[in-house]
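Here is a short report on one protein chain. Look over the sequence and the fold before reading on.

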Amino acid sequence: MSLNGWLQIALFIAAVLLLAKPMGTYMMRVFDRRGTWLDPLLLPCERLLYRVCGIHPEEEMAWTAYVVSMLVFSAASLLLTYLVQRLQHVLPLNPQHLAAVPADLAFNTAVSFTTNTNWQSYVPETTMSYLTQMLALVPHNFWSAAVGLALAIAFIRGIARREMSTLGNFWVDLTRGTLWVLLPISAVFALVLVSQGVVQNLKPYDTVKLVEAQKVTGADGKTTTVTTQTIAQGPVASQEAIKMLGTNGGGFFNANSAHPFENPTPLTNFLQMLSIFLIPAGLTVTLGQMVGSPRHGWAVLAAMVVLWFAGTFTSFWAESQVNPQLTHVDQHVSATQAGGNMEGKEVRFGIANSALFATVTTDASCGAVNAMHDSFTPLGGLVPLTNILLGEIVFGGVGSGMYGMLVFVIVAVFIAGLMVGRTPEYLGKKIEAYDVQMAMLYMLIFPLIILALAAVAVRLPAGLAGLANHGPHGLSEILYAYTSATGNNGSAFAGLSANTHWYNFSLGVAMFVGRFMMIVPMMAIAGNLAAKKITPASAGTFPVTTPLFTVLLTGVIVIVGALTFFPVLSLGPVLEHLLLRAGQLF
């Protein structure tokens with residue numbers, strides 16, 4: 001580990017914390033329908049959308065109607081994405097004349113982008129036309145993020161309101177999240193990316209002559225000489241901006257943010273990481289202001305920062321270590337080499353920014369990568385896997401991280417009440433059996449889907465066929481795939497070839513369940529909280545604004561994750577690390 005690396009990490013988290021309050025205050029004003037400086041431009045657009053779509057913005061919804069509206073919208077957008085992929089060969093803006101996307105892959109991709117997962121079982125630049133990227137995938141980056149943001153705001157309203165049966169209007173929250181939050185920031189960010197060299201055009205791919213011809217041996221054993229290379233391009237910057245801001249993660253290129261056309265400079269790398277955390281960090285401030293307890297929002301943010309730092313430190317340390325089996329190679333830091341494990345990493349980013357990016361993208365449900373997690377050391381790869389297994393609540397995705405964290409807050413407050421022998425209270429509302437039952441249902445769905453599907457995959461020939469590695473690392477690849485899908489992250493241990501009928505279907509099911517089935521109990525909690533009365537705080541009330549609460553919340557998150565997933569992790573990355581140190585792996 002280097003001082004330079006730590007300075008860059010410190011600069012990053014300082015920027016996140018500095019932007020959290022203005023971003024959170026702005027979102028509070030947007031969703032409380034208070035005035036913003038964008039109102040003169042966006043209010044006419046908002047009114048036109050409501051008139052065209054027949055939306056009555058003053059009509060509020062109970063939690064059940066809110067969820068039904070969200071499901072209907074998601075189903076319609078999923079179908080649109082599927083149809084565009086299946087028909088792309090007859091649609092315009094396809095200069096490479098790409099064929100229709102196969103049915104199983106189109107299903108997987110449609111579910112992936114609808115659920116904000118953006119898992120990609122395909123090579124984007126050779127599979128998706130420009131129209132498919134712009135009409136089906138990029139809009140979903142906005143829609144899925146706006147849905148998550150709307151749900152988080154609805155949950156916060158449930159906490160803030162008293163003796164009410166409604167949580168707001170889904171269509172209004174969806175519209176305002178898109179128009180006021182996601183679109184303007186993405187537009188500015190896309191222009192910044194273009195200024196740094198990120199590609200944005202509609203030109204056909206270029207074919208260029210290689211400086212030096214290359215000999216390539218095919219699967220049939222025949223050797224051919226390659227003298228040209230096809231350079232893919234397209235509308236990249238516009239997709240890249242919302243890909244990061246909306247914690248989507250699906251790249252225009254297969255190499256994702258390791259590709260120089262997506263992420264060309266250290267500045268773009270820094271801004272992309274910052275944009276991933278921008279809205280999730282701001283939502284903690286929005287929480288505090290909307291429920292009337294700003295210190296509670298900062299306490300929740302503090303728990304997120306603690307967990308983020310633990311992951312970043314572990315990943316940076318692990319990737320900075322030398323491989324004990326490469327004794328004949330100098331692996332230490334010097335003026336001429338980075339030292340440590342540089343396999344699968346871009347030289348222009350190095351170990352510090354690769355470890356930080358991997359932690360950030362899996363703390364949030366983003367899934368973008370600037371290095372290949374499959375090439376990390378066993379403990380370095382354990383960090384992004386563990387981040388997702390904790391429930392994608394360490395900052396988390398746009399909206400989904402906040403409502404996931406609030407479920408853990410409910411559990412933490414319940415445990416605190418048990419310890420002092422009184423009815424638990426959260427911001428003046430008593431936490432009762434129904435709330436805890438729904439919270440437990442929310443938490444149990446996640447590991448059930450991951451562990452059940454991973455167990456089936458390791459027993460089926462179809463599940464094992466896609467592995468590039470066997471033993472504990474192969475288990476990690478399968479476990480990571482189902483964890484990433486269920487957690488709606490989208491990143492992968494790149495050693496797994498997932499574009500098969502089995503993985504396209506099973507991962508599609510994992511993504512769907514991991515998004516929508518977990519929303520139902522979460523919104524049931526929100527609806528129940530909104531109907532409760534406020535109870536004045538007493539001497540026995542556990543405060544949720546103190547460092548002690550931050551410690552309790554952090555402990556609950558870690559203990560739940562450890563108890564649930566430690567057995568399978570011990571057979572994967574932990575065992576791989578021990579074998580590597582014992583000289584039995586290479």
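Where does Lys345 lie? This is a predicted model. In it, Lys345 sits in the loop between helix 10 (294-320) and helix 11 (350-363).

**Lys345**

Is Lys345 buried or exposed? Its relative accessible area is 10%. The cut-off for buried is under 20%, so Lys345 counts as buried. A polar atom of the Lys345 side chain lies 2.8 Å from the backbone oxygen of Asn341. Leaving aside residues up to four places away in sequence, Lys345 touches Glu319, Gly350, Ile351, Ser354, Ala371 and Phe376.

**Helices 18 and 19**

Two packed helices are described by the angle between their axes and the distance between the axes. For helix 18 (residues 547-571) and helix 19 (residues 573-581), the axes come within 3 Å and cross at roughly 35°. Leu569, Ser570 and Leu571 of helix 18 meet Pro573, Val574 and Leu575 of helix 19. The residues of this contact divide into 5 nonpolar, 1 polar and no charged.

**The whole chain**

The chain has 19 helices and 4 strands. Its radius of gyration is close to the value that the globule rule gives for 586 residues, so the chain is as compact as a globular protein of that length. Both radii are in the table.

| Property of the chain | Value |
|---|---|
| Radius of gyration | 24 Å |
| Radius from the globule rule | 25 Å |
| Span of the C-alpha trace along its principal axes | about 75 × 60 × 45 Å |
| Exposed area | about 23100 Å² |

Carbon and sulfur atoms supply 68% of the exposed area. Buried residues make up 57% of the chain. Among contacts between residues at least 6 apart in sequence, 78% join residues at least 24 apart.

How values were computed. Residues numbered from 1 in each chain as written. Predicted model: local features only at pLDDT ≥ 70, side-chain atom pairs only at ≥ 80, totals over all residues. Heavy atoms only, no water. Axes fitted to C-alpha atoms, helices over the stretch in contact; angles between N-to-C directions. Helix = DSSP H or I, 4+ residues; strand = E, 2+ residues; numbered from the N terminus. Contact = heavy atoms within 4.5 Å. Nonpolar A, V, L, I, M, F, W, Y, C, P; charged D, E, K, R; others polar. Buried < 20%, exposed > 50% of the residue type's maximum accessible area, 1.4 Å probe, protein only. Polar contact = N/O pair within 3.5 Å; in protein donor to acceptor, adjacent residues only side chain to side chain. Rg over C-alpha atoms; globule rule 2.2 N^0.38 Å. Areas by Shrake-Rupley, 256 points an atom, 1.4 Å probe, with all protein chains shown as cover.
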